[in-house]
Amino acid sequence: MRKNAVVFGLLLVFAGYAMADLVTVNDSALLQFTTPGGSSGSTLDAVTDIPGNPGVQFDFTFNNQAGWTDVTAKKSFAGEFAIGDTWEAKFLNTDDYTLTVYLFMQYNSGWTYKQGTGVNIGSGQEAVVSLYIDPLLVTDSVKAIGFKFGTNTWTGRPDGSSASIQVVPEPATLVLLG
């Protein structure tokens with residue numbers, strides 16, 4: 001009898017994972033992303049719609065002469081992401097230098113932070129970046145999601161240089177948040 005209960009419990013857990021969604025964020029929600037700041041005085045300068053195309057462009061300025069610098073942009077999404085979902089975004093680097101992109105989330109009380117693995121995107125290149133909302137970490141709900149755009153200024157990027165990256169919707173999206 002006890003053996004059957006354990007098997008049934010495992011089936012419920014796996015069924016919960018199977019129902020998780022692949023989630024992306026639509027243009028109207030992306031336009032609401034703001035910056036809580038950047039390192040070394042780097043700034044998010046503008047978030048604009050791409051005229052005639054789906055997607056949003058993020059423009060920022062990197063202010064660091066020696067090493068790593070980054071800019072973050074985030075939006076509150078209290079209760080809109082489910083535990084077990086995977087958040088995914090496609091980026092097009094319109095900058096002259098390689099940019100590193102991270103997805104992050106704030107969850108539970110809002111003070112707990114999880115950042116995904118950084119993905120280097122070369123100039124003119126596209127990449128899909130994802131972050132799994134792990135039920136072992138997130139016990140309450142996702143409070144906010146965001147992007148971190150970074151660069152290493154040792155690569156020859158001039159101090160105070162501007163940069164741009166586009167977030168483009170993926171056609172295979174199952175759920176759109178906005």
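This passage describes the overall make-up, the nonpolar core and the internal cavity of a predicted model.

The chain contains two helices and 13 strands. Of its 178 residues, 42% are buried. Long-range pairing in sequence is well represented: among contacts between residues at least 6 apart in sequence, 78% join residues at least 24 apart. The accessible surface amounts to about 9000 Å², and carbon and sulfur atoms account for 56% of that area.

Turning to the interior, nonpolar side chains in soluble globular proteins tend to be buried together. Here the largest nonpolar core comprises 36 residues, and the members touching the most others are Phe-58, Phe-60, Phe-91 and Phe-147. The main contributor to this core is strand S7, spanning residues 99-107, which supplies five residues. Phe-58 gives a good view of the surroundings: leaving aside residues up to four places away in sequence, its contacts include Leu-30, Phe-33, Leu-44, Val-47, Phe-147, Phe-149, Ile-165 and Val-167. Ala-46, Ala-73, Ala-163 and Ser-164 are also among the residues that Phe-58 touches.

What empty space remains inside? One cavity of 30 Å³ or more is found, and the largest cavity holds about 30 Å³ of space. Its lining is formed by Thr-24, Val-25, Leu-30, Trp-87, Glu-88, Ala-89, Phe-147 and Val-167. By class, six of these residues are nonpolar, one is polar and one is charged. Strands S1 (22-25) and S6 (86-93) each provide at least two lining residues, with S6 giving the largest share, three residues. Core and cavity meet at familiar names: Leu-30, Phe-147 and Val-167 belong to the cavity lining, and Phe-58 touches each of these three residues.

Terms used
Residues numbered from 1 in each chain as written. Predicted model: local features only at pLDDT ≥ 70, side-chain atom pairs only at ≥ 80, totals over all residues. Heavy atoms only, no water. Core = buried A, V, L, I, M, F, W, Y, C linked by side-chain atoms within 4.5 Å. Buried < 20%, exposed > 50% of the residue type's maximum accessible area, 1.4 Å probe, protein only. Helix = DSSP H or I, 4+ residues; strand = E, 2+ residues; numbered from the N terminus. Contact = heavy atoms within 4.5 Å. 1 Å grid on protein atoms, 1.4 Å probe; cavity = no way out; pocket = protein on both sides within 12 Å on 5 of 7 lines; lining within 4 Å. Points joined across faces, edges and corners; volume = space filled by probe spheres on them. Nonpolar A, V, L, I, M, F, W, Y, C, P; charged D, E, K, R; others polar. Areas by Shrake-Rupley, 256 points an atom, 1.4 Å probe, with all protein chains shown as cover.
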